[in-house]
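Hi there,

Here is the structure I promised to pass on to you. Please have it open while you read, and my notes follow right below.

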Amino acid sequence: MRVATPRISLEIQRYRPEQEQEPILQAYEVEYHEDWVVLDAINHIKDHMDGSLSYRWSCRMGVCGSCGMMINGEPKLSCATFLRDYYPASIRVEPLANFPIERDLVIVLDDFMEKLTKVKPWILRDQEKPLSEGEYRQTPAELARYNQFTLCINCMLCYSACPVYALDPHFIGPAAIALAHRYNLDSRDQGGKWRQQVLSSEEGIWACTYVGTCSVVCPAHVDPAGAIQQAKLTTTLDWFRDVLLPWSGR
Amino acid sequence: MTPFQRPVSAIWWLKKRAYFFFILRELTSVFIAMYLVLLLLLLQRLSAGPGPYAAYLRFLATPGMFAFHAVALAAALYHTLTSMSFLPNIIVVRFGEFRLPAIAYAVGSYSGWIVISVLIFWIVVLR
Ligand code: FES
């Protein structure tokens, strides 16, 4: 006698603008496999049950950052969230919070992309040195200063966890500030003064009230909340230096 | 096709433990501010002479004021302890590639706290 494969139910939020005024939940029942992640179940639905379901994913291994979803109300990478952690209860899957919904689980990420470019997350030099002089060298200690912040995969879970961003969509937000901080800490970079204009603007670091949930949900352990507070500290110290020692010529 | 914008609930801070404790922490500042007002009034009464000062002390000894101070103390402790737990993420101390671990911050801030408390106790009570 064949033992029936256990099943698990997924309640997936649907939004088809040509069909619905607002999102609805649709339940699907799929086979339960101990080694399946939520993304496997959704792929199974897409391939075998309902081809109209829309969502983003790519690498299936926690690297590309495109499969972020709200899973039982928590922002998570669906490729790194196992069914077994919820089974036998059903799982509710919704698009990442705090972003507009394009369709089903697909969010509009233009706002994040814009903010990301605003902080110029690349190495800025006042003057590039000629190729003949070789590469910009760095010691292991210099690398260690910013290494943690390079691990960001731009998955936007931190924006989804941030109530400040929810209430004020102009806030530059955790990932973009953490990346700005990453380049500011890089010994090869000289762009701090440019980024500072964005970072210390009203929508920048001072909008953050240190709720800290961005760092809790970050799948890459970047600690964006820490980065923002560190940037606040640096900015404050720089300000004092400018006021108290104007001749120091930073 | 217009993207769907989800509204933010007015009680968003009740929806997650972490949000609730964040709001609670923000609220502790209100109690600390009120305590500081009482402290400033104490100084003002002190400068007004022994009569007003004694009257103010009697006011502080009323059950309502006693309860307020108990709550303000709890608020100050919560604020302080959480602040100290944030330190390692905010003030990064490095020696080359080595980063000072969180435990070192805890040892530093707690022992500093104890030393200052003992010092104040000595000045106010023992001397
Ligand atoms: S699919 Fe790439 S991070 Fe999940």
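Between chain B and chain A there are 0 salt bridges. What does turn up between chain B and chain A is polar contact, with 10 residue pairs counted where both partners are at pLDDT 80 or more. Please keep in mind that this is a predicted model.

How many residues of each chain are in contact? On the chain B side there are 22, and they touch 40 residues of chain A. Together the two chains bury about 2300 Å², and 62% of that lies on carbon and sulfur atoms. Within chain B, the residues that lose the most area to chain A are Phe4(B), Arg6(B) and Ile90(B), which together make up 28% of what that side buries.

As for where the chain B side comes from, helix H1 (17-48) and helix H3 (63-90) of chain B each supply at least two of its residues. The largest share is that of H1(B), with 4 residues. Sorted by class, the side of chain B that touches chain A holds 12 nonpolar, 6 charged and 4 polar residues.

Now to chain A itself. Its 5 strands form an open sheet with mixed pairing, in the order E2-E1-E5-E3-E4. At the edges are strand E2 (24-31) and strand E4 (74-77) of chain A, each of which pairs on one side only. On average, neighbouring strands of this sheet are turned by 35 degrees against each other, direction ignored.

You may like to look at one strand pair in detail. Strand E3 (residues 68-71) of chain A pairs with E4(A) in the antiparallel sense, over 4 bridges. One of the residues to find there is Met69(A), whose bridge partner in E4(A) is Lys76(A). Helix H1 (residues 38-49) of chain A packs on the sheet, where it touches strand E1 (7-14), E2, E3 and strand E5 (91-94) of chain A. The direction of this helix makes about 95 degrees with that of E2(A).

Back to salt bridges, this time over all chains: the count comes to 13. In chain A, the side chains of Arg7(A) and Glu29(A) meet in a salt bridge, at 3.1 Å from N to O. Why is this pair worth a look? Arg7(A) lies in strand E1 and Glu29(A) in strand E2 of chain A, so the salt bridge ties together parts that are 22 residues apart in sequence.

Best wishes, and happy browsing!

Methods: Residues numbered from 1 in each chain as written. Chains lettered and ligands numbered in written order. Predicted model: local features only at pLDDT ≥ 70, side-chain atom pairs only at ≥ 80, totals over all residues. Heavy atoms only, no water. Contact = heavy atoms within 4.5 Å. Buried area = accessible area lost by both parts, 1.4 Å probe. Salt bridge = Lys/Arg side-chain N within 4 Å of Asp/Glu carboxyl O. Polar contact = N/O pair within 3.5 Å; in protein donor to acceptor, adjacent residues only side chain to side chain. Nonpolar A, V, L, I, M, F, W, Y, C, P; charged D, E, K, R; others polar. Pairing = 2+ DSSP bridges. Axes fitted to C-alpha atoms, helices over the stretch in contact; angles between N-to-C directions.
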